[in-house]
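Please follow how a few helices of this chain pack against their surroundings, reading the text alongside the coordinates.

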Amino acid sequence: MSGGKELSALIDLIYEAVLDNDLWPSVLIKLADAVGAAHVVMPSVDWRANIFATIAPLDDPDLVASYKEYWAFRDPLLLRATFRPVGEINTLDSLMLREEFFATPVYNEWWRPAQYSLATAGTSLVAEDRFSALVCISSPPGKDLLTDEQLRLFEAVARHLGRAVRINRRLWKLELANLSTTERIEMLPAGAMLADASGRVVLANGVAKAMLDARDGIFLCDGRLAVAGSPDALQKLVASCAQRSVGIGGPGGDINVPRERPRPPLHVTVAPLRSDTRLPDVPWIGFGSPVAIVTVTDRDRDRRRRQMNLRRRFDLTSMEAAFAAEILRGDGRKAAARRCGISDATAKTYLTNIFAKTGTHRQAELVGFLLGAAEAQGGET
């Protein structure tokens, strides 16, 4: 780089790219020019889902594709570099012995055909939540070492790249919060999640987080959403929401997830986002743009929640609350008694107590009163 003006222009472009993601390839090309590199890349790895992404504007697209599809998780340099401290400048020699690297398949079958030299350096920009993003440079073929000046310039620019990436991540999270408000997922009584096209959970409400932690029918498998009995089914429904053309029935769909008796199955619904807002796909965010809203209804959990609310609001005993919740199904006292495993005489006693505590006098009046109370509280009763 000929002077301070060019360096200042590059730094300005870096911060412009925070607000315009289409500028990042230009940023990398100017970085390569500044340090005299033939190659410059910004790779990222989501270790939870084993997803690799990169921006590599100077590399052959076919070689980039082959690295992404096969070599990324077989490259010892990448694996070692991602676990180095953020901001630390690493060269090939600081990561492994050259003789050791020469013996690796990735060096012989990808590195040399891609014309990467041994004069290579990189640094970690992000390392958190099993996610890593880096920037790496490599000199033209025939160069064995980067000069001190090249490394000094690279380190100076990398500091600004790291800061810009962190700002980019914060802005993306703010946009995600706005999208969450638009979709109202925190307001939903059911489990609700926003998922990207790979099936990774971008955002989840409290109910969904508890369901995923419990691994009771729905869970994360290698960082992606899955359901018991058919791990790929849910991912396929989510992926369909990102496709412009899908088969009969349109994008998304429903799955019933069976559980051990007598527990009812989970009901999972996948639908495209209603919002017109589309967040950018930025590699160092760790997720793609959300394409689907996934809702999970657990009738067993809903029943327990209704019982808890009935106990709290009307001072019912646990058995009275359980019986009142069954009465709400509207098929009569005897049917409710059977489901609760109590005699009809006991059911009559419970019903009398519930009438007294709710100020009602007939079964139909009780059902109407409880449903009205539930509506007033947003469906919580």
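## Helix packing in a predicted model

In this predicted model, the contact between helices α11 and α12 brings Arg303, Gln307, Leu310 and Arg311 of α11 against Ser318, Ala321, Ala322, Ala324, Ala325 and Glu326 of α12. Sorted by class, the residues of this contact comprise five nonpolar, two polar and three charged ones. The axes of α11, which spans residues 299-314, and α12, which spans residues 318-327, come within 8 Å and cross at roughly 120 degrees; angles of 65 to 115 degrees would count as roughly perpendicular and those over 145 as roughly antiparallel, and the two helices are therefore oblique to each other. Their crossing is right-handed.

Helix α12 also packs against α13 (residues 333-340), at an angle of about 130 degrees and with the axes 9 Å apart, so that this pair, too, is oblique. The crossing of α12 with α13 is right-handed, and the contact joins Ala322, Phe323, Glu326 and Ile327 of α12 to Arg333, Ala336, Ala337, Arg339 and Cys340 of α13. By class, six nonpolar and three charged residues take part, with no polar ones.

Elsewhere in the chain, helix α3 (residues 61-71) has Val64, Tyr67 and Trp71 buried. Viewed down the axis of α3, the buried residues lie within an arc of 100 degrees, and they therefore line one face of the helix. An α-helix has 3.6 residues a turn, so residues three or four places apart point the same way. The cover over the buried residues of α3 includes β2 (51-55), α4 (76-81) and α7 (105-111), whereas the face turned away from the buried side carries the exposed residues Pro61, Asp62 and Glu69.

Conventions:
Residues numbered from 1 in each chain as written. Predicted model: local features only at pLDDT ≥ 70, side-chain atom pairs only at ≥ 80, totals over all residues. Heavy atoms only, no water. Axes fitted to C-alpha atoms, helices over the stretch in contact; angles between N-to-C directions. Helix = DSSP H or I, 4+ residues; strand = E, 2+ residues; numbered from the N terminus. Parallel < 35°, antiparallel > 145°, perpendicular 65-115°, else oblique. Left-handed = near helix turned anticlockwise from the far one by under 90°. Contact = heavy atoms within 4.5 Å. Nonpolar A, V, L, I, M, F, W, Y, C, P; charged D, E, K, R; others polar. Buried < 20%, exposed > 50% of the residue type's maximum accessible area, 1.4 Å probe, protein only. Arc of directions from axis to C-beta.
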